[in-house]
Amino acid sequence: MSNDNYPIMIFLPINGISKFMKNNKFGFIDAKTGKVICEPIYDDLNIFNNGFSIVTIKKIKTSWVVINGIQEAIWVRCNGIINKKGEEILEPIYDNIYYAKDNLFIVELNYKFGVFDNTGKIILPIEYSHDYILDNWKMVIRRLKLREIV
């Protein structure tokens, strides 16, 4: 029997969920049942926070470049969000994602910021400065509540 079906490393569980690594990629596994929650397809995973995890994949940003006489690829980290079922809420395409209160996420893409809710719906499009969002957080919450009423 081959060991290819088993994780190489399983980390200590937090709230019943363990991060695991297989073939240099990370996923999540239910610590009690051993059931895979999220396949090991990510380059990094954060622990779950209020039922969501920020996930990261690495993509080549440019073709090969020469740095100090050595040919190297330039990589960029692309971040997304998954839920505890392993479903992608936000595709991993963002430069940064920050947990915010009220089940919201502040996302950054190309030095612009926006706000998404925990279902992946846009609350504020990605066109603002970080300071604008923080200075106008009450307006962000008001938009969220108005959308829920409509």
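**Figure 1. Contacts across the whole protein, in a predicted model.** Start with who touches whom: among contacts between residues at least 6 apart in sequence, 25% join residues at least 24 apart. What does the chain build on its way? The secondary structure comes to two helices and twelve strands. Read from the N terminus, the order is β-β-β-β-β-β-β-β-β-β-β-β-α-α, so if you follow the chain along, you pass the strands and then reach the helices. Of the 150 residues, 35% are buried. As for the outside, the protein exposes about 9,800 Å², and carbon and sulfur atoms supply 53% of that area.

**Figure 2. A look inside the largest nonpolar core.** This core has 13 residues. Which of them have the most contacts inside it? They are F28, Y42, L45 and I82. Several strands chip in here: β2 (17–22), β3 (25–30), β4 (36–42), β6 (52–67) and β7 (70–83) each supply at least two residues of the core. The largest share, three residues, comes from β4.

**Figure 3. Y42 and the residues it touches.** Now zoom in on one residue of that core. Leaving out residues up to four places away in sequence, Y42 touches K25, F26, V55, T56, I57, I82, E88 and P92. One of these, I82, is listed along with Y42 among the residues with the most contacts inside the core.

**Figure 4. A second core.** The protein also has another core, separate from the one above, made of twelve residues. Among them are I106, V115, L124 and V140.

**Figure 5. Two cysteines, C38 and C78.** Are these residues buried or exposed? C38 has a relative accessible area of 3%, so it is buried. C78 comes in at 8% relative accessibility, which also counts as buried because the cut-off is under 20%. How many disulfides does the protein have? The count comes to zero. In case the word is new to you, a disulfide is a covalent bond between the sulfur atoms of two cysteines.

**Figure 6. An open sheet of four strands.** The strands line up in the order β9-β10-β11-β12, and their pairing is antiparallel. Which strands stand at the edges? They are β9 (96–100) and β12 (122–128), each with a single partner strand, so one side of each is left without a neighbour in the sheet. On average, neighbouring strands of this sheet are turned by 20° against each other, ignoring direction.

**Figure 7. The pairing of β11 with β12.** Stay with the sheet and pick out strand β11, residues 112–117. β11 and β12 pair in the antiparallel sense over three bridges. Where is the bridge partner of F116? Look in β12, where the partner is I122.

**Figure 8. Two asparagines with positive phi, N15 and N110.** First up is N15, which sits in the loop between β1 (9–10) and β2. Its phi is near 55°, a positive value in a residue other than glycine. N15 has 70% relative accessibility and so counts as exposed. Next comes N110, found in the loop between β10 (104–109) and β11. N110 isn't a glycine either, yet its phi is positive, at about 55°. Is N110 buried or exposed? With a relative accessible area of 57%, N110 is exposed, because that is over 50%.

Notes
Residues are numbered from 1 along each chain as its sequence is written. This is a predicted model: local features need pLDDT of at least 70, side-chain atom pairs count only at pLDDT 80 or more; totals for chains, interfaces and linings use all residues. Side-chain values use heavy atoms; hydrogens and water are left out. Buried means under 20% relative accessible area, exposed over 50%, partly exposed in between (1.4 Å probe, protein chains only). Contact means heavy atoms within 4.5 Å. Accessible areas come from the Shrake-Rupley method with a 1.4 Å probe; for residues, only the protein chains shown count as cover. A nonpolar core is a set of buried Ala, Val, Leu, Ile, Met, Phe, Trp, Tyr and Cys residues joined through side-chain atoms within 4.5 Å. A disulfide is a pair of cysteine sulfur atoms within 2.5 Å. Two strands pair if DSSP finds at least two bridges between them. Axes are lines fitted to C-alpha atoms, for helices over the stretch in contact, and angles run from 0 to 180 degrees between N-to-C directions.
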